[in-house]
Amino acid sequence: MEILSKNTKLIFILGMIIPILSHVLGQEETSCQGHPINLNDHQKAQITECLDASGIKSLFKIPVEKLPCVGVCIFEKKDMITPDGRINHQKALAYIDAMMTGPVKKPLIDGIDKCIKDHGDKVKIDNDPKCLAFLNVGQCVHDVFLDVCV
C-alpha cells in the first residue's frame with residue numbers, strides 16, 4: 001500500500017511539471033486558462049539540464065521514480081531551495097509572478113504560497129536519493145495548477 005501511495009504522488013508531480021516542461025521542449029504553447037506561461041531561454045535551458053542530468057531525453061518518457069529528483073533539480077537551478085533544504089518562499093512566488101499572466105496569476109500565487117507554507121520545509125534532505133521529501137509540496141503545487149488552470 002505504501003508503494004502505491006508513493007507512486008500516486010509521483011504521478012501527481014508529473015502533472016505539475018508537464019505544463020512547464022512541455023513549453024521548454026516546444027511541444028506546443030502552454031497556457032493556463034488560455035493565458036501563456038512565459039519562460040525565457042535561460043529558464044528553458046535550466047529545465048533541459050535537469051532532464052539531461054537524469055538521462056531523460058523526452059518529457060513524455062520521465063520514469064516515475066526519477067520525477068521528484070527532476071523537480072528538485074529544477075528548483076535548485078532556479079535557486080529556489082535554500083542551503084538547509086527549504087523552498088525559498090519569496091523566490092518561488094516571484095518566479096510564478098514572472099511566469100504567469102492574466103487573472104490566473106493571483107490564484108496561482110495564493111495557492112502556491114499556501115503549499116510552501118504548509119509543505120515547503122525540508123524538501124531536500126540528506127540521504128534521500130529518490131528525492132521523496134519533495135513529494136508533498138510537489139503534489140500540492142500540482143493540485144493548485146489543476147484547480148486554477150484546467
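Helices (H or I, at least four residues) and strands (E, at least two) are taken as DSSP runs and numbered from the N terminus. The model is predicted, so that local features require pLDDT of at least 70 and side-chain atom pairs count only at pLDDT 80 or more, whereas totals for chains, interfaces and linings use all residues. Residues are numbered from 1 along each chain as its sequence is written, and side-chain values use heavy atoms, with hydrogens and water left out.

Ser54 lies in the loop that joins α2 to α3, and this residue counts as buried because its relative accessibility is 17%, where buried denotes under 20% relative accessible area, exposed over 50% and partly exposed in between (1.4 Å probe, protein chains only). Ser54 touches Lys66 and Val70, residues up to four places away in sequence not being counted, with contact defined as heavy atoms within 4.5 Å.

The largest nonpolar core (a set of buried Ala, Val, Leu, Ile, Met, Phe, Trp, Tyr and Cys residues joined through side-chain atoms within 4.5 Å) has 38 residues, and those with the most contacts inside it include Ile96, Leu108 and Phe145. At least two residues of this core come from each of α2 (41–53), α3 (67–77), α4 (89–99), α5 (105–119) and α6 (135–149), and α6 gives the most, with 7 residues.

The loop between α5 and α6 holds Asn127 as well as Cys131. Asn127, a residue other than glycine, has a positive phi near 55 degrees, and Cys131, also not glycine, has a positive phi near 60 degrees. Asn127 is exposed, with a relative accessible area of 80%, whereas Cys131 is buried at 12%.
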